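Dear colleague,

I am handing over the structure we spoke about, and my notes on it follow below. Please read them with the model open beside you.

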Amino acid sequence: MDGARRVLIAADKFKGSLTAVEVAERVTAGLRRVVPDVDVEALPVADGGDGTVAAAVAAGFERRAVRVAGPLGDEVTAAFALRGDTAVVEMAEASGLQRLPAGVFAPLTASTYGSGELLRAALDAGARTIVFGVGGSATTDGGAGMLAALGARFLTAEGEPVPPGGGGLGALASADLSGLDPRLADVEFVLASDVDNPLTGPKGAPAVYGPQKGASPDDVATLDAALGHFAKVLEEAIGPKAGEYAASPGAGAAGGIGYGALIIGARFRPGIEVMLDVLGFARALSRADLVITGEGSLDEQTLHGKAPAGVAAAARAAGKEVVAVCGRLALPPQALGRAGIRRAYPLTEVEPDVAKCIAEAGPILERVAERIARDYLG
């Protein structure tokens, strides 16, 4: 849109290079180098995975830090975001791969207990609406650890608590959910995820995402059987809805923590849709002439619920023009067009050396933004 002067930057992080906030800062700097008086509004976005709390804080939520159990049981400092009585809780803060030491995986024993502690901290802070962003997990325990932290009891035939992690669920003999935190019944609980996998089976959490968490083929089989057993024991405890939830979209999100969330009353919604609502995207969009979105890699996955696709869909519905920035572009122009993105500007167009793009993403992104300014703000 030639002559556009009001720009909304609504981009996700460039994973491993720039946070969503840094992406917005660098794009703003590049635009202003060419058009010093351009009116820029930054609204960093996330799709429920890692970076979700940071996006909420950038939009005006208060960051609340709390000590919780990490995926291996060691104590970590995690954060959630709070504004009024709405909390944004990110499971990766407590139970994410980012919480494991470099090169260490624990596919059978990593636990979501700390995510349950985060949810409890949000309840303690007075939250009446909880947006639970899930993704980037180190865990495949079906949310059992999270439920235990919220008061559920999972016991072996000997009456002992089952060991932590998805592998331990194979020994589960009984489940008692009567001790769950009663405040959960009075909270609007939204499960925000960019994946719609069921709990088990060929498209389930262990088969699809287990290998990313260090699971061998044997581990995947063990975890799939253990999670199937977990769902059966929960059916005995709370009735057939436990089996229905296991087959529901989103149950397999983040190692099955989606299943645990559905068990305690969460409503599944695509993560980017939820976050755009929470962040006030519609109001910011109404003020913009041009929208700049993006993420580290624009590829086939982007089209399936990732942040740029959600931003572009909402912007197109409002009749706004959208361009994207990215580190790497793996989509043809036709696919971008169908997603509502007029043009994408990859860092590799400016700097063909991929290693350099990753190491120097900030300055290169500023140069990309200068191109956008010349093309759209001249």
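Ala309 sits in helix α12, which covers residues 307-317, and in this predicted model Ala309 is buried, because its relative accessible area is 15% and the cut-off for buried is under 20%. Leaving aside residues up to four places away in sequence, Ala309 touches Thr302 and Leu303. Should you wish to relate Ala309 to Gly143, the two are 166 residues apart in sequence, and their C-alpha atoms are 28 Å apart in space.

A second alanine that I would point out is Ala254, which is placed in helix α9, residues 253-263. The phi angle of Ala254 is near 50 degrees, which is a positive value in a residue other than glycine. Ala254 also counts as buried, at 9% relative accessibility.

Next come the helices α1 and α15. Helix α1 is formed by residues 20-34 and helix α15 by residues 361-376, and their axes come within 7 Å of each other and cross at roughly 45 degrees. That angle makes α1 oblique to α15, and the crossing of the two helices is right-handed. On the side of α1, the contact is made by Val23, Arg26, Val27, Ala29, Gly30, Leu31, Arg33 and Val34, while α15 contributes Gly362, Pro363, Leu365, Glu366, Ala369, Glu370, Ile372, Ala373 and Arg374. Sorted by class, the residues in this contact of α1 with α15 are ten nonpolar, two polar and five charged.

Some of those charged residues deserve a closer look. As a general point, side chains of opposite charge can pair when their charged atoms come close. Here the side chains of Glu366 and Arg26 meet in a salt bridge, with a distance of 2.8 Å from N to O. Since Glu366 lies in helix α15 and Arg26 in helix α1, the pair ties together parts that are 340 residues apart in sequence. Are the two partners buried or exposed, or something in between? Glu366 counts as buried, at 11% relative accessibility, whereas Arg26, at 30%, counts as partly exposed. The pairing can also be seen as part of a network of salt bridges, in which Arg26, Arg33, Glu366, Glu370 and Arg374 are linked.

A search of the whole structure finds 23 salt bridges, and two further ones involve Lys13. One of them joins Lys13 to Asp12, where the closest N and O atoms are 3.7 Å apart. In the other, the side chains of Lys13 and Asp50 meet at 4.0 Å, N to O. Asp50 lies in the loop between β2 (39-42) and α2 (52-58), and Lys13 in the loop between β1 (6-9) and α1, so this pair ties together parts that are 37 residues apart in sequence. As for their surroundings, Lys13 is buried, with a relative accessible area of 17%; Asp12 counts as buried at 4% relative accessibility, and Asp50 counts as buried at 16%.

With kind regards

Methods:
Residues are numbered from 1 along each chain as its sequence is written. This is a predicted model: local features need pLDDT of at least 70, side-chain atom pairs count only at pLDDT 80 or more; totals for chains, interfaces and linings use all residues. Side-chain values use heavy atoms; hydrogens and water are left out. Axes are lines fitted to C-alpha atoms, for helices over the stretch in contact, and angles run from 0 to 180 degrees between N-to-C directions. Helices (H or I, at least four residues) and strands (E, at least two) are DSSP runs, numbered from the N terminus. Angles under 35 degrees count as roughly parallel, over 145 as roughly antiparallel, 65 to 115 as roughly perpendicular and the rest as oblique. A crossing is left-handed if the near helix is turned anticlockwise from the far one by less than a right angle, and right-handed if clockwise. Contact means heavy atoms within 4.5 Å. Ala, Val, Leu, Ile, Met, Phe, Trp, Tyr, Cys and Pro count as nonpolar, Asp, Glu, Lys and Arg as charged, and the others, Gly among them, as polar. Buried means under 20% relative accessible area, exposed over 50%, partly exposed in between (1.4 Å probe, protein chains only).
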